[in-house]
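Got your viewer ready? Load the model, and let's walk through it one selection at a time.

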Amino acid sequence: MADTHRVDRTDRHLQFQSPYEGGGGYGGGGYKSMMPESGPSTTQVLSLLIGVPVVGSLLALAGLLLAGSVIGLMVALPLFLLFSPVIVPAALTIGLAMTGFLASGMFGLTGLSSISWVMNYLRGTRRTVPEQLEYAKRRMADAVGYAGQKGKEMGQHVQNKAQDVKQYDISKSHDTTTKGHETQGRTTAA
């Protein structure tokens, strides 16, 4: 059998060749073209020779640390249970104290940055107040125009829905309503 096959697709003659057959496919060499032509480079060999011991030692160290943590937890768990009436309140007290210190620091930083912002604002805006007022007026006018347009669109939408409902009610020729256990028939006029 030949290496190439003729396939007729919509009046076009396309040459099809399997990538696994020799001489065609990806780059003309089949699956062999996907493999490197030469062996590994010296950089690859050196990185492998250096990387394997480093990675192995790091994995061994991680395993030892995990084993030590598990053994330490197994030894400390009875002590935690025995001293929990003392340890839990102490841990809560220390945690709340640290939270208080961090919160006070954050509030202090927030206050200082706020004062700095206000001072910079006052220094920089004494000259540009009229421009900022004009900008604010334009923004307000844009917002009012946008709200008015949305209001008109919503009114039109509600009016269209009301027309649809009205046409639906008119298209019914006979409407029945139930009052208690009686059913009354009523005809609607157009």
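How much accessible surface does the protein have, and what share of that surface belongs to carbon and sulfur atoms? The total comes to about 17000 Å², and 67% of that belongs to carbon and sulfur atoms. Keep in mind that you're looking at a predicted model.

**Start with the whole chain.** Switch to cartoon view and you'll find 3 helices and 4 strands. Trace the chain from its start and the order reads β-β-α-α-α-β-β. Now colour by burial: of the 190 residues, just 3% count as buried. Contacts tell you something too: taking those between residues at least 6 apart in sequence, 0% link residues at least 24 apart.

**Next, select 45–66, 73–95 and 101–122.** UniProt lists these stretches as "transmembrane region", in an unreviewed entry. Zoom in on 45–66: this stretch is 100% helix and 0% strand, with its end C-alpha atoms 32 Å apart. Jump to 101–122 and you'll get 100% helix and 0% strand there as well, with 32 Å between the end C-alpha atoms.

**Now show side chains for L73, L77, L79, F80, L81, L82, F83, V86 and I87.** Together they make a nonpolar surface patch of about 910 Å². Colour by helix: α1 (42–82) and α2 (84–125) each supply at least two of the patch residues. The biggest contributor is α1, with 6 residues.

**Last stop: L77.** You'll find this residue in helix α1. Is L77 buried or exposed? Somewhere in between: L77 counts as partly exposed because its relative accessible area is 46%, and that label covers values from 20% to 50%.

Technical notes. Residues numbered from 1 in each chain as written. Predicted model: local features only at pLDDT ≥ 70, side-chain atom pairs only at ≥ 80, totals over all residues. Heavy atoms only, no water. UniProt positions renumbered as here; feature names shortened; annotations may be inferred. Patch = residues over 30% accessible without salt bridge, like charges linked within 9 Å, V, L, I, M, F, W, Y side chains within 5 Å. Areas by Shrake-Rupley, 256 points an atom, 1.4 Å probe, with all protein chains shown as cover. Salt bridge = Lys/Arg side-chain N within 4 Å of Asp/Glu carboxyl O. Buried < 20%, exposed > 50% of the residue type's maximum accessible area, 1.4 Å probe, protein only. Contact = heavy atoms within 4.5 Å.
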